[in-house]
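Here is a short tour of a structure, written to be read with the model open beside it. We will start where the chains meet, and then look inside one of them.

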Protein chains: 2
Amino acid sequence: MRASFYEGAGRFRIGAAEVPKAGHDEALLRVRRVGICGTDLHIFQGHLDHRVPRGGVIGHETLAEIAEAPAASGFRAGERVVVEPLRVCGACRACRTGAAYLCYRLKVLGVDEPGGMQEFWTVATDRLLSVPATLSDDEAAMIEPLAVAAHDVRRAQVSAGDAVVVIGGGPIGALIAMVARQRGARVIVSELNPFRVEMLAKLGIDVVGPGRDLAAFVEEWTGGDGADVVFEVTGNAAAVRAMTGLVRVQGTISMVAIHAEPIPVDLYRFFARELTLHGSRLYARQDWEEALRLAATGAVTLAPLVSRRLPLESLQQGMEEALRGGPVMKVLIDLAP
Amino acid sequence: MRASFYEGAGRFRIGAAEVPKAGHDEALLRVRRVGICGTDLHIFQGHLDHRVPRGGVIGHETLAEIAEAPAASGFRAGERVVVEPLRVCGACRACRTGAAYLCYRLKVLGVDEPGGMQEFWTVATDRLLSVPATLSDDEAAMIEPLAVAAHDVRRAQVSAGDAVVVIGGGPIGALIAMVARQRGARVIVSELNPFRVEMLAKLGIDVVGPGRDLAAFVEEWTGGDGADVVFEVTGNAAAVRAMTGLVRVQGTISMVAIHAEPIPVDLYRFFARELTLHGSRLYARQDWEEALRLAATGAVTLAPLVSRRLPLESLQQGMEEALRGGPVMKVLIDLAP
């Protein structure tokens, strides 16, 4: 079978590998689609070399079909599944208190362990969720990022009537905006990339684009109150500088982005306005179920977010394009036979 | 009457002033004690010159007795009262949503408007709370900082069995530790000043003193879980660096200190562990009532925290001593006749 291998910063190799053997509680999956995610771009730049081995197979946004599965699992050959790509210890504080996705010894499939960027993949059957027939392969490949967005919105307790600001209108930012709107919130997205500004507008999302003063906009938009919830989805220091000035008294900032280095934060504003900042990462099983429900009912529109579909052989090119930005939202690797 | 006047950074003047006239809804107070607080030290250093006018009278931790009050207020001459030193607009987002102490146009008596560092003071009667006879004047002068601590512990939702770390064992840190312990939490305080280390130990508070590795201590103390709640009470960048490493998955950091400048924060840790940071400031009326209850029942010990009592004429010296640190906790100005 064909597989991709991480060979160090900036380099992927495509090569042959043996079809893996499924263990006792595992299914053998035939992979159909894998999304390229922000985390993958961090891997591509060598930021996660302490976690991703040389020769490792990445990819954690996967749609696959069952090639073989234990009868007791209930999964049948040919059935389409998405993969919750986490392996947890079951014993740490996080696992003991209902937040196993934050396991102190968490292994992410496609980061710490082999992922979906290969034709066949073995995964524990308790990590699989069946995909409704109404969803296309492309849409189903977006369930993982939609589960992230569903988690972020749930954790931030976004409510009907809330004024929500999303800083950063890439795939996760756009999905957060759609999920929050679905909850009855008023939502604006701040985005500088003109391609993304146009796409968000086409999706009916209100955008504050380049050259506009976000703080002044939010001030007026909320009648001087400030936003109820701000999502930081960019990973830029400028967004961290801006975020504290956008939120209302006792409002919430959700940190969805990865900031590799400590960033200056206006802690006085936290004190003066009793703001709350919380991190928001990954997802619980309920977020996957919510994502499947939102996608299947059409409450969230996924297909337009897919900018490009490339074969596995073009993984390197896909990474470079996604990293360069420009006219791109989600890039999918298409492995369907 | 005698009064003190802020004359710019590092300078107070003591002089004569007319006894103020109480307005329609005000009482005339004869001041007995005023505490010197961290905010007062910021004023003394000129950090709050945008709020404190030249010639202004500071002081917001006040015990007084009623000299005159409107009959309808229910207060009688000679009755001892403490002062909730806030004036709010009643119309902004904070006032409309039950958090008036965070009013967008908040005026703090003793900062933005005249405070207690004078023999007589006029204050709206709805800002006064009666003091139980069991409390000494010194103890009653500590009700304001105790209300701060009660607020901080309430807002952080400290519960029985929680592992709580307080970074900074000055008056507020010590009071937070005592209130949290009262709720059934296990508490340690991190403090470097040897005088304070010794005083905290005498109060039965466990202290991690100078030369010890706080992170390693907390790791072992919590069996590798991390603390449930960390209070940052120092205002030092080193404490901000440390705080994110001390708290458990989905744990809480309470920002009680004032950081005048943006400080680098490990936002990745917020993301990875889904930590929460919230600011905690001042108090609602219920926090004052809780403070009076805790003090009157002896649940919290206040008297040992008073290091020194100085006459109004020595205000400058008191500020300098409190600012210098060393062998000092709370300095009170004694104006009792």
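Two residues are counted as being in contact here when they have heavy atoms within 4.5 Å. With that in mind, and remembering that this is a predicted model, the contact between the two chains takes 41 residues from chain B and 41 residues from chain A.

**Where the chains meet**

The size of an interface is often given as the accessible area lost when the parts come together. For chain B and chain A that area is about 3,700 Å², with 57% of it on carbon and sulfur atoms. On the side of chain B, B:Leu267, B:Phe271 and B:Glu274 are worth picking out: they supply 20% of the area that chain B buries against chain A, more than any other three residues.

Polar links are found here too. There are 8 salt bridges between chain B and chain A, and 25 residue pairs across the interface are in polar contact, both residues being at pLDDT 80 or more. A:Glu274 gives an example that is easy to find, as it forms a salt bridge with B:Arg155.

Which elements of chain B each supply at least two residues to the side that touches chain A? They are helix H2 (93-96), helix H4 (143-155), strand S14 (247-255), strand S15 (263-265), helix H9 (267-273) and strand S16 (276-279). H9(B) gives the most, with 6 residues. Sorted by class, this side of chain B has 22 nonpolar, 8 polar and 11 charged residues.

**Chain A and its domains**

Turning to a single chain, chain A has 11 helices and 18 strands. Its C-alpha atoms fill a box of roughly 60 × 40 × 40 Å along the principal axes. A compact globule of 337 residues would have a radius of gyration near 20 Å, and chain A, at 20 Å, agrees with this.

The domain assignment divides chain A into domain 1 (2-142 + 302-334) and domain 2 (151-279). Their contact takes 14 residues from domain 1 of chain A and 13 residues from domain 2 of chain A. The centres of the two domains, taken over C-alpha atoms, are separated by 28 Å.

Between these domains of chain A, the buried area is about 1,100 Å², and carbon and sulfur atoms give 75% of it. The rule finds 0 salt bridges across this interface, while 2 residue pairs are in polar contact, both residues at pLDDT 80 or more. On the side of domain 1 of chain A that touches domain 2 of chain A, the residues divide into 8 nonpolar, 5 polar and 1 charged.

**Some local details**

Side chains of opposite charge can pair when their charged atoms come close. Over all chains, the structure holds 48 salt bridges. Two of the pairs named in this report are listed with their N to O distances.

| Salt bridge | N to O distance |
|---|---|
| A:Glu274 and B:Arg155 | 3.5 Å |
| A:Arg33 and A:Asp138 | 2.6 Å |

The pair within chain A links distant parts of the chain: A:Arg33 lies in strand S3 (residues 26-35) and A:Asp138 in helix H3 (residues 137-141), 105 residues apart.

Helix H7 (residues 214-221) of chain A deserves a look at both ends. At its start, a side-chain oxygen of A:Asp213 reaches to within 3.1 Å of the backbone nitrogen of A:Ala215. Just after H7(A), A:Gly223 takes a positive phi of about 60 degrees.

Technical notes:
Residues are numbered from 1 along each chain as its sequence is written. Chains are lettered from A and ligands numbered from 1 in the order in which they are written. This is a predicted model: local features need pLDDT of at least 70, side-chain atom pairs count only at pLDDT 80 or more; totals for chains, interfaces and linings use all residues. Side-chain values use heavy atoms; hydrogens and water are left out. Domain bounds come from an automatic or database domain assignment. Buried area is the accessible area (1.4 Å probe) that two parts lose on being put together, summed over both. A salt bridge is a side-chain nitrogen of Lys or Arg within 4 Å of a carboxyl oxygen of Asp or Glu. A polar contact is a pair of N or O atoms within 3.5 Å; within protein, one must be able to donate a hydrogen and the other to accept it, and residues adjacent in sequence count only if both atoms are side-chain atoms. Ala, Val, Leu, Ile, Met, Phe, Trp, Tyr, Cys and Pro count as nonpolar, Asp, Glu, Lys and Arg as charged, and the others, Gly among them, as polar. Helices (H or I, at least four residues) and strands (E, at least two) are DSSP runs, numbered from the N terminus. The radius of gyration is taken over C-alpha atoms; the globule rule is 2.2 Å times the number of residues to the power 0.38.
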